[in-house]
Amino acid sequence: MAKRILFITRLAVCLLFNILVFVSFDSTSQARQEIQNQLNSVGLSSGLPLPRFVSLKSNETNVRVGPDQNKYAVAWTYRRQGLPVEIIQEYDNWRRICDSDGEQGWVNQALLSGKRTAIIVPWQKDKEPLQGIHKYPDINSILTARAEPNVIGNIQRCNGEWCELEIGKNHGWLKQSQLWGVYPGEKIE
């Protein structure tokens, strides 16, 4: 019983902290509505589900420590167009994103694209095993190419287990479990 009370207390403190952080950005009713929508997993600004994957639109994308160009400094800059990122929060025209390394920051929505991309096994970038790209969504189908970890491909479609990718002039299927930028079991048409 004591463990349950401790868990509920910690959960309440965490929720209160998140609410206070949001209210500190803007004390208007829009901020309060945004908090409620974040709890419901829908962004107020976009009306789209949270979290969701998108990609970077530009070759140079500044990531800020907070959702305002004038109040918050640039934390770092991505220099990789098409990089998949996950939107985990929305505030007005700002999106809090997370990358494949777990880094988080705020980006203006104008710098993001709904185009779906994926990174091939970014968690193996130091091990350098080549991943086989198959002609069909079948482990026994012929290979059309091999790709190194951290290569970005454009997602054509996913069937919940495999994704069809376009990587430069190469085209083929890779297991979804070997990609970052698509959820397990997600289907994309």
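This briefing walks through the side-chain pairings, the disulfide and one strand pair of the structure above. The model is a predicted one. In it there are six salt bridges, three aromatic pairs and one disulfide. R52 is a good place to start, as it takes part in a salt bridge with E90 and is also in contact with Y183.

**R52 and its surroundings**

- R52 belongs to strand β1, and with a relative accessible area of 12% it is buried, because the cut-off for that class is under 20%.
- Its side chain forms a salt bridge with that of E90, with 2.8 Å from N to O.
- E90 sits in strand β4 (residues 84-91) while R52 sits in β1 (residues 52-56), so this salt bridge ties together parts that lie 38 residues apart in sequence.
- Both partners, R52 and E90, are buried.
- The two side chains can also be listed as a polar contact, again at 2.8 Å.
- Salt bridges with shared partners bring R95 in as well, giving one network of R52, E90 and R95.
- Which residues does R52 touch, leaving aside its neighbours within four places in sequence? They are S46, V85, E86, I87, E90, R95 and Y183.

**Two further salt bridges**

- E186 and R116 pair through their side chains at 3.0 Å, N to O.
- This pair links distant parts of the chain, 70 residues apart: E186 is in the loop between β14 (179-180) and β15 (187-188), and R116 is in the loop between β7 (112-113) and β8 (117-120).
- Is E186 buried or exposed? With a relative accessibility of 18%, E186 counts as buried, since the class takes in values under 20%.
- R116 is buried too, its relative accessible area being 17%.
- K175 and E161 form another salt bridge, with 2.9 Å between N and O.
- K175 is part of strand β13 (residues 170-175) and E161 is in the loop between β11 (152-159) and β12 (162-167), so the parts they tie together are 14 residues apart in sequence.
- K175 counts as partly exposed at 27% relative accessibility, and E161 falls in that class at 45%.

**Aromatic pairs**

- A pair of aromatic rings is described by the distance of the centres and the angle of the planes.
- For F53 and Y183 the centres are 4.5 Å apart and the planes make an angle of 40°, which is a tilted arrangement.
- F53 is in strand β1 and Y183 in the loop between β14 and β15, so that the pair links distant parts of the chain, 130 residues apart.
- F53 is buried, at 7% relative accessibility, whereas Y183 is partly exposed, at 26%.
- W76 and Y78 make an edge-to-face pair, with 6.0 Å from centre to centre and 85° between the planes.
- Why does that pair count as edge-to-face? Its planes are 85° apart, and the term applies because the angle is over 60 degrees.
- W76 has a relative accessible area of 25% and is partly exposed, while Y78, at 9%, is buried.
- Ring pairs also join W180 to this picture, in a cluster of F53, W180 and Y183.

**The disulfide and the cysteines**

- A disulfide is a covalent bond between the sulfur atoms of two cysteines.
- Here C158 and C163 are the two partners, with an S to S distance of 2.0 Å.
- What is the handedness of the disulfide of C158 and C163? The torsion about the S-S bond is about 105°, so the disulfide is right-handed.
- C158 is buried at 2% relative accessibility, and C163 is buried with a relative accessible area of 0%.
- Another cysteine, C98, counts as buried at 12% relative accessibility.

**Strands β9 and β10**

- In a regular strand the side chains alternate between the two faces of the sheet.
- In strand β9 (residues 131-134), Q131 and I133 point one way, and G132 and H134 point the other way.
- All of these residues of β9 are buried.
- How does β9 run relative to strand β10 (residues 143-147)? The two are antiparallel, and four bridges join them.
- Across this pairing, G132 of β9 stands opposite R146 in β10.

Notes. Residues numbered from 1 in each chain as written. Predicted model: local features only at pLDDT ≥ 70, side-chain atom pairs only at ≥ 80, totals over all residues. Heavy atoms only, no water. Salt bridge = Lys/Arg side-chain N within 4 Å of Asp/Glu carboxyl O. Buried < 20%, exposed > 50% of the residue type's maximum accessible area, 1.4 Å probe, protein only. Phe/Tyr/Trp six-rings, centres within 6.5 Å; stacked < 30°, edge-to-face > 60°. Disulfide = S-S within 2.5 Å. Pairing = 2+ DSSP bridges. Polar contact = N/O pair within 3.5 Å; in protein donor to acceptor, adjacent residues only side chain to side chain. Contact = heavy atoms within 4.5 Å.
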